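This briefing introduces a structure to a reader who has not met it before. Please look over the sequence and the model, and then follow the points below.

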Amino acid sequence: MFKYNDNELLYLYSWHIEEALNILIAKYSVFIRLKLSRFRIKSAQFEDFYQESLLVLNYAINTFDENKEASFFTYFELLLERRIMRLLSNNKRQANFILADPQEFDIKDEQNLEQNFYCAKILNSIKSIKMSDLKKQIFNEIFIEEKKVNEFVKEHNLDYKEVYNQIYLLRKKIRKEIM
């Protein structure tokens, strides 16, 4: 489909030929979408992640050093994966995945209704999972009430390693049940 390889396009772009940039963007657009789908990006955030990926592509084009051992594709793929993982971890910290009681939802329009129904369905399926008393306590206090692990460990006089292990097992069990 494309007549030029990456090195030729990068060389042309270094001479300020904008058509080379357009070809690189078109060439890597499909790859970006494929990579985002492999990370299972939600459809609501897909366009934001796609735009961020284009910024990473632009950065890769401007900073690639052909004297290094790696190809442009490898360099770009590494940058892209790192950026996606960083964005995903930032989203988790911002409580993107909301777990709350279904009665607390404020229903204003159909979109909220659909999202709230989905969250309530997930919450109910999580609550129906058989788990130990410690895991229930961890789920309620750390996931629902968003208490920090340090506070939880100090309040309940538990070992950090045990709590983190229980959180890992709980997440694994929840993923298995929901997915």
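With a relative accessibility of 54%, L55 counts as exposed, because the cut-off for that class is over 50%. The structure is a predicted model, and the points below are grouped around L55, a pair of packed helices and a further helix.

**L55 and its surroundings**
- The exposed residue L55 belongs to helix α3.
- Along the chain L55 and L80 are 25 residues apart, and their C-alpha atoms are separated by 9.5 Å.

**Packing of α2 and α3**
- Helix α2, residues 18-38, packs with helix α3, residues 43-63, at an angle of about 135°, and their axes are 10 Å apart.
- This angle makes α2 oblique to α3, and the crossing of the two helices is right-handed.
- On the side of α2 the contact is made by L21, L24, I25, Y28, S29, I32, R33, L36 and S37, while α3 contributes F46, F49, Y50, S53, L54, L57 and I61.
- Sorted by character, the residues of this contact comprise 12 nonpolar, 3 polar and 1 charged.

**The two faces of α7**
- In helix α7, which covers residues 149-156, V149, F152 and V153 are buried.
- These buried residues cover an arc of only 95° around the axis, and therefore they lie on the same side of α7.
- The exposed residues K154 and E155 are carried by the face of α7 that is turned away from its buried side.
- Just after α7 comes N157, which takes a positive phi of about 55°.

Definitions and conventions: Residues are numbered from 1 along each chain as its sequence is written. This is a predicted model: local features need pLDDT of at least 70, side-chain atom pairs count only at pLDDT 80 or more; totals for chains, interfaces and linings use all residues. Side-chain values use heavy atoms; hydrogens and water are left out. Axes are lines fitted to C-alpha atoms, for helices over the stretch in contact, and angles run from 0 to 180 degrees between N-to-C directions. Helices (H or I, at least four residues) and strands (E, at least two) are DSSP runs, numbered from the N terminus. Angles under 35 degrees count as roughly parallel, over 145 as roughly antiparallel, 65 to 115 as roughly perpendicular and the rest as oblique. A crossing is left-handed if the near helix is turned anticlockwise from the far one by less than a right angle, and right-handed if clockwise. Contact means heavy atoms within 4.5 Å. Ala, Val, Leu, Ile, Met, Phe, Trp, Tyr, Cys and Pro count as nonpolar, Asp, Glu, Lys and Arg as charged, and the others, Gly among them, as polar. Buried means under 20% relative accessible area, exposed over 50%, partly exposed in between (1.4 Å probe, protein chains only). The arc is that of the directions from the helix axis to the C-beta atoms.
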